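Q: Please take one part of this model and go through it closely for a first-year student, setting it among its surroundings. A connected account would help more than a list.

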Amino acid sequence: MANKLVSEMRLPPHLAHLLAARGLTTAKDVLSLPEVELMSVLDTGIHTARAAVAHVSEIACPPYQTALALLESVRLGGSGRLATALRGLDNSLGGGIPLGKLTEIVGPSGIGKTQFCLKLALLATLPECYGGLNGRVVYIDTEFKFSSQRIIEIGKKSFPQIFRQEGLAQKMSGRILVVRPTSLSDFTKSLEQMKVTLLQHDVKLLIVDSMAALMSS
Amino acid sequence: MEIADLPICTSHRAKLLAAGYSSLAALSAADPPRLALDLNIEIPEAEDILKIAVCANKFKGADGPSSVIKGAQNAWDMLSDEQSRKHINTGSGDLNNILGGGIHCKEVTEIGGVPGIGKTQLGIQLAINVQIPVECGGLGGKSVYIDTEGSFMVERVYQIAEGCISDILEYFPHYQNKAPSGQEKLKPESFLADIYYFRICSYTEQIAVINYLEKFLGEHKDVRIVIIDSVTFHFRQDFDDMALRTRVLSGLSLKLMKLAKTYNLAVVLLNQVTTKFTEGSFQLTLALGDSWSHSCTNRLILYWDGNLRYAYLDKSPSLPAVSAPYAVTGKGVRDAVSSNRKRARVM
């Protein structure tokens, strides 16, 4: 929304031209300016400048929803959660790890964070009848701890009925895409490029293991 | 009374009309040097004319204070206005007490604290409590919740709405019986339907939504509270230019204050904490800097004392700086329960 182009906002033509001439092409450019400066750019009085700001703001503002509509959309999309298959944890989390939110897993070394992430990655690939999200997973592995052998082992032991079937192990683990950025800038760049990929390929889970390693590199 | 009726000499009257002062209103907006220049007379004469005009206005019975300074209101009138203002119940009786009844309408209140202390919980509680019906001591209004961090968990909002309804029915059992239509009204879904939710993902969108609120509030006149959770988030990362940040933030705070006054609503801004190096040690302080700290009318700081949550009224134009304990329960924000006293009434 911040990068919405001023040229597409249907402002009065002379105002749009003046803004373009000064290089103010996006909503972000216009809204970051103080009123007084906008008045001098547009060469108009304060009322016209305010009207222009109100117009740009209305277009750049994301649409609103009532909380009820939000609740209904969450309930419609399944429970909106990824069940962890640990009953106690799922109870306290209200069903599982919530979708559309950031969840942080913290703990001392050796406690099982990576193992937990591997299990979650596997769960997300499973069909919905088995409690999964039936989607792809992007696993950002900064410490080179991802072990595909371990994931298959987890799959075979926890969901023997699926993994015993021919080719299903390949299908499920084929849905996990592992990325190994070598630096923070590498990571940020790949995140930017990932936005389209996430939508196109139905990615349901993004795991970063771990943030600390990225920061210290 | 018109210019023609003013007890001034004919030549002055003619000059006033010639200079374009056709009404008393136009004259009262003028100042002596300007008038003297326009009429081509001496300044003392201009002052006399203005004095006569002011007296004529008073005689007519126009607004006393407004004729002295345009747009002024005297403190006595404001007192009755202030006393009649309603407060929004925070859910905790102790917290309401230190706030002088609850969150004030027509004022901007900032609430800050460490992560996990309950800022979002309090924000959601206020978004629900503003909807408590007028018959039960509430405002019966709607709320706008601007979420910049994604911490608005709608299932929790449902839970808090259920808690609020059960408390209303506990203290107003006759509410259910008196209004059979109240049966339909007091459902969590209807509370959720009256919260307008905006999800903001950048500082540009934050500026845009605050600008858009003017139009939105004009169309939805029953909104009584606007909560921004949190006002800090997008301003801590994107800015290399600190001067721009200060300018944008002060612009936002002015607009929010104006919205609070114009539409008679409460504005609640949730803020994060940061560490500041003062007097040789690192201390926790609210984010966004010193100039932002002037922007709000009231400030509440939430902190931990051992295992208990406390709220400290750090800034207020009329109330002393006091602390009060509160708790976050399954039903929402409530009084902290101490083992040797019965839980105080919530409403």
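**The two domains of chain B and the salt bridges within the chain**

A: In this predicted model, the C-alpha centres of domain 1 of chain B and domain 2 of chain B lie 49 Å apart. The domain assignment places residues 3-67 of chain B in domain 1 and residues 77-346 in domain 2, and these two stretches give us a framework for the closer look that follows.

We can begin with B:His12, a residue of helix H1 of chain B, which covers residues 10-19. B:His12 has a relative accessibility of 13% and therefore counts as buried, since the cut-off for that word is under 20%. Along the chain, B:His12 and B:Ile41 are 29 residues apart, and their C-alpha atoms are separated by 8.7 Å.

Further along the chain we come to two salt bridges, and a general idea helps in reading them: side chains of opposite charge can pair when their charged atoms come close. In one of these pairs, the side chains of B:Asp194 and B:Lys142 meet with an N to O distance of 3.8 Å. B:Asp194 sits in the loop between helix H12 (188-193) and strand E5 (195-199) of chain B, while B:Lys142 belongs to strand E4 (residues 142-147) of chain B, so the salt bridge ties together parts that are 52 residues apart in sequence. With a relative accessibility of 24%, B:Asp194 counts as partly exposed.

In the other pair, the side chains of B:Lys331 and B:Asp167 form a salt bridge with an N to O distance of 2.9 Å. This pair links distant parts of the chain, 164 residues apart, with B:Lys331 in the loop between strand E12 (323-329) and strand E13 (332-334) of chain B and B:Asp167 in helix H9 (residues 154-171) of chain B. The two partners can also be read by how much of each is accessible: B:Lys331 is partly exposed, at a relative accessible area of 29%, whereas B:Asp167 is buried, at 1%.

Helix H13 of chain B, residues 203-219, offers a check that a student can follow by hand. At 1.5 Å a residue, its 17 residues should span 24 Å, because the expected span is 1.5 Å times one less than the number of residues. The end C-alpha atoms of H13(B) are 24 Å apart, which agrees with that expectation. H13(B) nevertheless bends by about 40° at B:Leu213, and the helix is mostly covered, with 13 of its 17 residues buried.

Chain A can be read in a similar way. Its domain assignment gives domain 1 (6-60) and domain 2 (104-216), and the C-alpha centres of these domains of chain A lie 45 Å apart. On the surface, A:Leu86, A:Leu89 and A:Leu93 form a nonpolar patch with about 210 Å² of accessible area together. A:Leu93, which is found in helix H6 (residues 87-93) of chain A, is partly exposed at a relative accessible area of 32%.

Chain A has salt bridges too, among them the one in which the side chains of A:Lys204 and A:Asp202 meet at 3.8 Å, N to O. A:Lys204 is partly exposed at 34%, and A:Asp202 is partly exposed at 42%. A:Arg150, A:Glu153 and A:Lys157 are linked in a network of salt bridges, and over all chains the count comes to 17 salt bridges.

Note on methods. Residues are numbered from 1 along each chain as its sequence is written. Chains are lettered from A and ligands numbered from 1 in the order in which they are written. This is a predicted model: local features need pLDDT of at least 70, side-chain atom pairs count only at pLDDT 80 or more; totals for chains, interfaces and linings use all residues. Side-chain values use heavy atoms; hydrogens and water are left out. Helices (H or I, at least four residues) and strands (E, at least two) are DSSP runs, numbered from the N terminus. The bend at a residue is the angle between axes fitted to the seven residues ending there and the seven starting there. Buried means under 20% relative accessible area, exposed over 50%, partly exposed in between (1.4 Å probe, protein chains only). Domain bounds come from an automatic or database domain assignment. Patches are made of residues with over 30% relative accessible area and no salt bridge: like charges are joined within 9 Å, nonpolar side chains (Val, Leu, Ile, Met, Phe, Trp, Tyr) within 5 Å. Accessible areas come from the Shrake-Rupley method with a 1.4 Å probe; for residues, only the protein chains shown count as cover. A salt bridge is a side-chain nitrogen of Lys or Arg within 4 Å of a carboxyl oxygen of Asp or Glu.
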